[in-house]
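This briefing covers a predicted model. It deals in turn with the contact between two chains, one pocket, and the surroundings of a single residue.

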Amino acid sequence: MSKYIGKRLLMMIPVLLGVMIIVFTINFLTPGDPARMILGDGATPEALAQVTEELGLNDPYLVQLGRYIGNVVFKLDLGESYMTGKPVFEEIASRFPTTVKLAIFSVSISVLVGVSAGIISATKQYSIFDRIATSFSLLGVSMPTFWAGLMAVLIFSVKLGWLPASGSYGPEYWVLPSFTLGLHSSATVMRMTRSSMLEVIRADYIRTARAKGQKEKWVIITHALKNAMIPVVTVIGMQFGGLLGGSLLIETVFAIPGLGKYIIDSISTRDYPVVQGGVLLLAISFSLVNLLVDILYAYLDPRIKSQYKAAKKKKGGAKNAESTC
Amino acid sequence: MQKAHAETGKTVKTGFWRDAWHRLCKNKGAMLGLFLLLALILCALFAGVLAPYPYDLQDYSHTFEGPSALHLLGTDNFGRDILSRIIYGARISLLVGFSSIITAIIVGGLLGAISGFYGGRVDNALMRAMDILMSIPGMLMAISLAAAMGPGLANMVIAIAIADIPGYARVVRSSVLTIKDQEYIEAAQCIGASDSRIILRHIIPNCIAPIIVQATLGMAGAILSASSLSFLGLGIQPPTPEWGSMLSAARQYIMNYPHMCIFPGVAIMITIFALNMLGDGLRDALDPRLKN
């Protein structure tokens with residue numbers, strides 16, 4: 001198992017390097033003069049030339065890329081914000097926990113609602129619950145997140161006055177954004193859980209468990225659920241990426257001072273080091289979540305574990321054979 | 001291909017596409033999706049005839065009006081007819097959806113075909129590149145590309161297409177891997193057909209079924225991304241009517257004039273719903289083994 005995790009960790013290194021190259025290249029190709037953005041329109045050509053030289057923008061692409069990767073990896077240096085002059089890393093680090101909080105709340109709601117609705121729908125296929133849940137999930141998948149957020153504000157803040165429409169000053173401020181993002185992604189989780197469960201509960205080993213007289217509840221929980229969860233875990237991992245993208249929109253709709261809103265605000269002020277750093281951090285988070293998903297696989301799917309055990313045994317056997325020779 | 005009908009004894013024409021079409025016709029959801037999509041395409045094509053007003057006609061004596069006989073879905077802050085803007089907006093959404101998907105299919109499909117066909121180092125290099133592209137969430141990728149390239153229709157199409165390329169590359173690659181060992185490919189190689197001819201004439205046409213499914217579902221995602229980008233001010237700019245940018249402009253009036261926010265969102269939802277239903281139906285029709 002540790003070998004599997006080690007292998008997955010090693011495989012992440014080129015992916016993260018690739019992400020850094022992409023993010024840097026997008027920023028490199030962006031039109032506009034960073035020196036002018038720092039100094040403003042009234043800057044003299046001499047001052048502009050000096051700042052350009054100081055920032056190393058006259059260097060070739062590969063030199064700049066190497067310096068960027070070196071700074072990120074060894075110094076955690078993502079540059080400085082054009083707007084505030086503060087290090088981007090500090091600016092991002094202060095806002096990132098808000099986005100993580102929103103993502104955790106949303107994923108929890110998504111898993112709780114999506115998985116339980118999916119299980120009930122599959123075990124009671126074609127029942128009224130199944131039909132209602134399937135219809136809702138279809139509507140949920142079709143709804144743009146930001147519009148769902150606007151409708152939630154309209155209903156629960158403007159019309160009913162139950163919850164605040166924007167900001168993040170207390171727990172009640174998190175309800176609408178978390179539920180909007182969470183319920184939206186729960187639609188996909190529900191669809192996946194339902195179809196995966198339907199496939200599993202028709203399997204022979206489930207029939208065997210039932211034939212042995214095991215209670216239906218335990219057949220579902222101990223036998224069906226674990227196997228049905230394998231594709232669901234993939235979807236949840238992928239949904240996390242969607243949630244990170246969605247957080248940019250939802251934080252904008254609900255004026256939550258997280259990393260997503262900061263990136264969007266920085267796009268409008270053309271503060272590209274912030275955009276670059278923010279996108280990089282979100283992409284790294286997504287990769288780490290995918291790594292966690294892969295590790296979870298090994299727990300859920302014993303075939304992965306046994307694959308590594310078998311390889312180990314084979315190696316051990318070969319060594320023994322060699323020593324006896 | 002022909003086979004005898006069991007009861008009537010008449011010969012009935014059959015074939016992969018004909019069978020798939022029959023299966024699709026039996027799927028009510030898919031048919032509803034197809035109907036809605038055709039209606040949207042007609043709306044987009046004949047927007048000039050169907051829209052009651054020009055999309056940019058400003059009438060300051062009728063601003064912020066709710067739905068009425070004169071303006072079925074009300075008017076916006078400039079007194080423009082919301083229904084007309086939604087009808088014209090279908091043009092932009094479908095155009096962005098189609099063009100970004102076609103771009104992604106061409107580039108992703110070719111990369112996937114080359115990767116699957118040649119295998120080895122080429123496959124490894126291309127697929128690792130796709131893995132890296134996929135490790136950035138699609139929406140985040142589209143936002144950062146759109147932010148770098150600036151707003152506009154063409155830039156938005158490119159941004160969405162680039163984010164979609166890895167998905168198509170993977171689908172085509174996996175199809176190619178199953179197809180390339182078939183005997184007819186071997187036969188083509190034996191008679192001296194070039195690699196490019198084999199890929200373009202024999203392999204890609206046989207990958208069409210999974211590409212169609214992915215494209216239909218992908219188009220829903222592309223339209224959603226386009227409206228999200230416009231909502232953030234990174235896509236289509238006003239006064240061009242686009243559903244996302246209409247919602248972005250309507251956001252500040254949500255307290256007093258909610259109708260401005262409701263209808264463009266409903267239009268997006270109907271479009272995505274139609275494409276999802278059709279995509280699901282096509283997946284079941286083209287690969288009946290997947291159906292639950």
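Between chain B and chain A, three residue pairs are in polar contact, with both residues at pLDDT 80 or more. On the chain B side, the helices that each supply at least two residues to the surface touching chain A are H5 (120–134), H6 (138–149), H10 (208–231) and H12 (259–286). H12(B) gives the most to that side, with eleven residues. The model is predicted, and every value below is computed from it.

**Contact between chain B and chain A**

- The contact draws on 37 residues of chain B and 41 residues of chain A.
- About 3500 Å² is buried between the two chains, and 79% of this area lies on carbon and sulfur atoms.
- The side of chain B that touches chain A is made up of 28 nonpolar, seven polar and two charged residues.

**Charged pairing across the contact**

- One salt bridge is counted between chain B and chain A.
- Arg191(A) and Asp280(B) form a salt bridge, with 2.7 Å between the closest N and O atoms.
- Asp280(B) falls within the residue range of helix H12 (259–286) of chain B, the helix that gives eleven residues to the side touching chain A.

**Second largest pocket**

- The volume of the second largest pocket is about 820 Å³.
- Its lining has 26 residues, and those closest to the pocket centre are Asn27(A), Leu55(A), Leu57(A), Tyr82(A) and Pro273(A).
- Four helices of chain A, namely H1 (2–29), H2 (34–39), H4 (61–75) and H12 (272–300), give two or more residues each to the lining.
- H4(A) provides the largest share of the lining, with four residues.
- By class, the lining divides into 13 nonpolar, nine polar and four charged residues.
- Among the residues closest to the centre, Asn27(A) lies in the range of H1 (2–29) and Pro273(A) in that of H12 (272–300).

**Asn27 of chain B**

- Asn27(B) sits in the loop between helix H1 (16–26) and helix H2 (28–45) of chain B.
- Its side chain reaches the backbone nitrogen of Ala30(B) at a distance of 3.2 Å.
- Apart from neighbours within four places in sequence, Asn27(B) is in contact with Gly281(B) and Asp284(B).
- Both Gly281(B) and Asp284(B) have numbers inside the range of helix H12 (259–286) of chain B.

Key. Residues are numbered from 1 along each chain as its sequence is written. Chains are lettered from A and ligands numbered from 1 in the order in which they are written. This is a predicted model: local features need pLDDT of at least 70, side-chain atom pairs count only at pLDDT 80 or more; totals for chains, interfaces and linings use all residues. Side-chain values use heavy atoms; hydrogens and water are left out. Contact means heavy atoms within 4.5 Å. Buried area is the accessible area (1.4 Å probe) that two parts lose on being put together, summed over both. A salt bridge is a side-chain nitrogen of Lys or Arg within 4 Å of a carboxyl oxygen of Asp or Glu. A polar contact is a pair of N or O atoms within 3.5 Å; within protein, one must be able to donate a hydrogen and the other to accept it, and residues adjacent in sequence count only if both atoms are side-chain atoms. Ala, Val, Leu, Ile, Met, Phe, Trp, Tyr, Cys and Pro count as nonpolar, Asp, Glu, Lys and Arg as charged, and the others, Gly among them, as polar. On a 1 Å grid over the protein atoms alone, a cavity is a set of points where a 1.4 Å probe fits but cannot get out, and a pocket is an open set with protein on both sides within 12 Å along at least five of seven lines; lining residues have an atom within 4 Å of a point. Grid points are joined across faces, edges and corners, and a volume is the space filled by probe spheres set on the points.
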